[in-house]
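Reader: Hello! I'm in my first year and still learning to read structures. Could you take me through one small part up close, and then show me how other parts can be read in a similar way?

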Amino acid sequence: MSRHKLVKALDLDEELDDFDGGIKPDYDDEVSAEDKEQLRLGTIKVRDILGEDAGMTDKKIEDSLWHYYYDIDKTVNYLLSQKTNSQPKKSKKKKAGDGEAKATGPSPDDIVIKAQNTKGPTPKAAKQPTPPAKSNKSVNGVIQGVSEVNIEDTKIRGKNLDVLAEFERSKPKNAANFVVIGHVDAGKSTLMGRLLYDLKVVDQRTLDKYRKESERLGKGSFALAWVLDQGTEERNRGVTIDIAMNKFETENTSFTILDAPGHRDFIPNMIAGASQADFAVLVIDASTGNFESGLKGQTKEHALLVRSMGVQRIVIAINKLDTVQWSQDRFNEISQQVSAFLTSAGFLSRNLAFVPCAGLTGDNIVRKADDPKASWYPGPPLVSLLESSKPVTRALEKPLRLTIDDIFRGGIQNSLSVSGRLDSGNVQIGDTVLVMPAKEAGAIKGLEVDSEPAEWAVAGQNVILHLTEIDTKYLKSGDVICPPSAPIQCVTSFTIKVLAFEHVTLMHCEVHKGTLHAPGRVTQLIAQLDKASGAAVKGKPRLIKPGSVARVVVEVDDPVPLEPGGRVILRAGGETVGAGLVE
Amino acid sequence: MWFAYNLIRHGDLLKASAIRRVTTESSTGSTSSTRVQLTLLISVEKLDFDAQSAQLHVSGRIVEETKYTKLGQFHTLDLELNRNFSIEKKEGWDSVAKNFVKEACDPVKSADVWAVIMQEGLSHLAILTGHRTVLRQKVEMTVPKKRGTGRQGNHDKALEKFFQVTMDTLLRQLDLTENKPILLASPGFVAQAFLKHVLETATRTGNKALLAQKSNFVVSHSASGYLHSLNEVLQTPEVLARLKDTKYARETRLMNDFMNLLFKDDGKAAYGPDEVEQAVEKGAVGRGGGILLISDSLFRSQDVDVRRKWVSLVDKVRETEGGEVRVLSSTHESGKRLEGLGGIAAMLTFPLEYLDEDEEEEDVMPNGDINGIKS
C-alpha cells in the first residue's frame, strides 16, 4: 500500500527523464533462496561489466537487479544513469538517452561523478532512484542507522543522577491523574472527547474524520467518544472497553485523563485505571430514568471502588442536562441524592463538587453554557473545577514500585517496553530493576515520561520503561517492578481488613490490585470489626453482611506481589464483594 | 474411574489383572526376566488418581499367593476404563459406598461438555463430565492494550494470535467426530469474537469437521476468565436449557440455593463440620426441605473412623430424619465451593440461632491479641 502511494506521489515527468527501462512492479517482499542465488550471480556479472567500481556497493547492485528481474543490461544502464544523476538535469537527459553505449565501461565523466558519489550522495542523487528501490533504500538506511544505534546502546551507562535533586530543580508543573467514572452510556468518553476538543488537543480535522466515519456506522453522536475509544471493537459497539489515557494541560497543571469503561463486564479494567488516579470525575446521566438506573448500577459501584482505592476528591459532572431543558430542579434533585450517597460512602462533603453540563454540545465544559436556560448556574465550568484540585504529595523517598499496566513492543529499537505509573520511588536510565513475582532482573535502557523521552522519573508520573536483558516471558501485566535492593514481597496468603459490599463468606473470588488480578479464596473469617474503631466485635463470624467491616484471610494460587497497606478489591461472579487493606 | 477412586479404601481387597515382570534365576546363575499377565489380589494401602488420563493407581500388598508372587510383596495395580476388577470391603459395604455403585451403574449417559472460559489474554479449557471438571489446558498471553492512534494494530494482532493459540489448543483436545456442546464464556465480547474467529478460520481452511460443530457452540457470559467463573456460566439460561438435569447443573443450582439461604442470614443455613453436626443432632436437617450437602472428599478419608462418622451422619439424615442427602463431587466447581466451606453444609428446616456461639468464647483471647498488635 505504502509503495503504491509513493508511486503516485512522485512526479511522473521526472520519472521519465531518469530512465527508459520498463518499470516492473515487484510485489514480493520475501527473497527466496533461488532469488538469492540469482542475485549473487547477477551481482558478479554486473561488477564485471562495470569494472572495479568502488562507488557501487553490492547492496546497490542487488537492489537494482531485483528491480529489473535480474536483467543485467538494464541494471547496468540504470546504475550508470544513476551515477550521472548528480549532473545538471539538462545534460542528464542526453546521457540517459545513450546509456546503452556506456555499458561497456566507465567514461571519464563517470569517474568524476563517481568521486562525487563516493563522498556521499547529494540530496539530488538520493531523490532519483526508482520508486521501489527508493523505498527499499530508505528503509535499509533506517535499519542501518538503527543497528548502529543499537551497538552503542548495548552498554547502558546510567548517569547516576540524584533524581530527587533533579526533580526539585525541574520545578515541575502540577501533575494530576484523574479517572472518569460512571454508569455505562453516561457519556464519559464523549465528555472527555469534548474537553480535549475544546482545549484544542484534538484538532477539527481529526474530529471531522471521526464524525464522518461514525456517521457511516450510524453512530453520529459517538464522534467525540472516538477521540478516546480507539479500539476497533470499541468503535463498532460504541462501548468503551479498556482504559484510555490522554493528556492535556492547563495553565498550571498537566492532567492525565483515565477514561474508564462503564460496562460492568469491564470493571477490572476500570480498577486498573482508578488505581492510578488522584481524583475522580463522576459522570451522571441526568436524562429521565437513566440516572435512576445508574445509581443502582455502576454509578454506585464505581464510586465505592474509587473510594476504597484511596480517592478522596470527586467532581460530579451531571451530564446530558440539555435533554431535560437544563432543569434546575432536576440538577438539585440529582445532586442531593448523589451527595447523600457519596457522604455515606465515606467522601467528605467538602471534597465534592457538582457541575451541570452537556458533553455533546460542550456547555459548561471549558466554556460557560450559552443556553439561556442554563443561566441559573453561577459556578465555574468543569475544567476550572479540575484545576482547583490540590497537588498530591508523593512517596518519592520510598523504594521504587511500579505496577506494570501494559507490555508492548515500543518501536523498532525497543523490543520490550512496559508502561505504568510509578507508585513510589524514582527511576533513571541505567538502573537495574527486579520484576516480581518472576524475580528476574533487567536493565532500563530508555525511559519516557508522558510519552516524552526523559532521563529519570519520579513517583506519580506515567512512564514507559524500555527494558533490556530480560525476556518478555517473565513479564505480565500486574507484575511489580522494584529495585533489587528492596524487592516487594510475594505472598500466597494474606490478611485483609475488608469492607463488604456484598455478602462475604468462605468463597472463591478474584483479587484485584490495580492491573493485577488473580483467582483466590476467602479461607478464614477472623473477626467482624467495628466500623469506626476497628475493634473486633465478633469473633469467627459465619457471614459478613454488606456494609460491615471484617478481618479475613485470603489465599491465592500463585504468589502475588502485595505489601501491607496495599489496597485490594475482591470480586466474585461479576460483582464487587469487598474492598480491603492488606495488613 | 472417579467412582472407583471414591469407592476403594485403605484396607480393601482388590482383585485385578496385572502385568508383572518375573525374574528367574537358572541353575547356572544367569537371570532371565519375563513379563507375565496374572490376576493379583492386593490389600490396598495407597490410592492415586490421575485426572488427566482418568487412571487409578492402587498400590498394596499381595495377599494371595500365585505361581510368580509371594505373599506380602508390593504391587501397584493400574485400573483403567474397560478393565475388570473386583473389590472386597473389609467391613462390609456401607450405604454411601452402595450409592456410589448405584450411581456409577446408572445407564443414563453422562453428558460431557467442553468449556472455554476466557478473557483477553487468558483462557481455560476444561471438560465437564458427569462427575468431574477437568482443566485440560490454560492459555496465557500478553495482549498489549490500546494506545494512541495508529498503534491499534498491536492490540488487534496480539488478540488474533491469542485466539489462534486458543483455537489450536482446543482443536488438539477436541475430538471433532463427537457431538458435544462447547461452551464459550467470557466477559464482554471476547467469546463472541473468538467464535467468529473459529468459524472464519474453519471456512478459510475448509475444515468441514469443525464447521459441522457450529451448532454445538454456545456463547455465554462469565465474569472473568478464571475457571471458577464456570459456576456463573452454568447458571445462564442458554446453558441451562442445554444441560438441564446433568449432575453438575443440579449441583451448581444446589450450591447457589445454599449460598442464597446463607446470605439471607436467618439461621437456616449451616456450614462447617461442627455446625452441621450440631444441626443434625438437633434434628434440623429433616423432613420437609432439610438438605445435607456433603463433598465426596470427606468419604475419601484414610482414617476409617472419620469416614464412619460421615457415613453415619449421612445415614442418620437419610433414614431417621428423612432429609435429603446430596453428595457433591469435589472436582466440580460447586464441590470446590463446598470444600471452601469445610466440605459439608446443610439447609435447615427451622432456624438455629447462634450456631457459632460456643466457639466464640474460646476466640476472645486471640482476637484481643490481634487488636493489641494493631493499635
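Author: Happy to! Let's begin with A:Ser214, which is partly exposed because 19 other C-beta atoms lie within 10 Å, while a residue needs 20 or more to be buried. Please keep in mind that this is a predicted model.

Where does A:Ser214 sit? Its place is in helix H13 of chain A, which covers residues 204–216. Leaving aside residues up to four places away in sequence, A:Ser214 touches A:Lys219, A:Gly220, A:Phe222, A:Ala223 and A:Trp226. You can also follow the backbone to A:Ala225, 11 residues apart from A:Ser214 along the chain, where the two C-alpha atoms are separated by 10.0 Å.

Now try the same kind of reading on a pair of loop residues. A:Gln325 lies in the loop between strand E5 (314–319) and helix H18 (328–344) of chain A, and A:Trp326 lies in the loop between E5 and H18 as well. A:Gln325 has a positive phi of about 55° although it is not a glycine. A:Trp326, not a glycine either, has a positive phi of about 50°. Are they buried or exposed? A:Gln325 counts as exposed, because it has 11 C-beta neighbours inside 10 Å. A:Trp326 counts as buried, because it has 22 C-beta neighbours inside 10 Å.

Another loop worth finding is the one between strand E10 (432–436) and strand E11 (440–449) of chain A, where A:Pro437 lies. The peptide bond from A:Met436 to A:Pro437 is cis, with omega near 5°.

For a whole helix, look at H15 of chain A, residues 267–274: eight of its eight residues are buried, so the helix is largely enclosed by the rest of the structure. Among them are A:Ile267, A:Pro268, A:Asn269 and A:Met270.

Finally, step back to where the two chains meet. The contact takes 35 residues from chain A and 32 residues from chain B. On the side of chain A that touches chain B, helix H14 (232–237) and strands E7 (401–408), E17 (508–513), E18 (516–529) and E19 (536–539) each supply at least two residues. That side of chain A divides into 12 nonpolar, 11 polar and 12 charged residues.

Chain B itself has 12 helices and 14 strands. Of its 375 residues, 37% count as buried.

Technical notes. Residues numbered from 1 in each chain as written. Chains lettered and ligands numbered in written order. Predicted model: local features only at pLDDT ≥ 70, side-chain atom pairs only at ≥ 80, totals over all residues. Buried ≥ 20, exposed ≤ 12 C-beta atoms within 10 Å, placed from the backbone. Helix = DSSP H or I, 4+ residues; strand = E, 2+ residues; numbered from the N terminus. Contact = placed C-beta atoms within 7 Å. Nonpolar A, V, L, I, M, F, W, Y, C, P; charged D, E, K, R; others polar.
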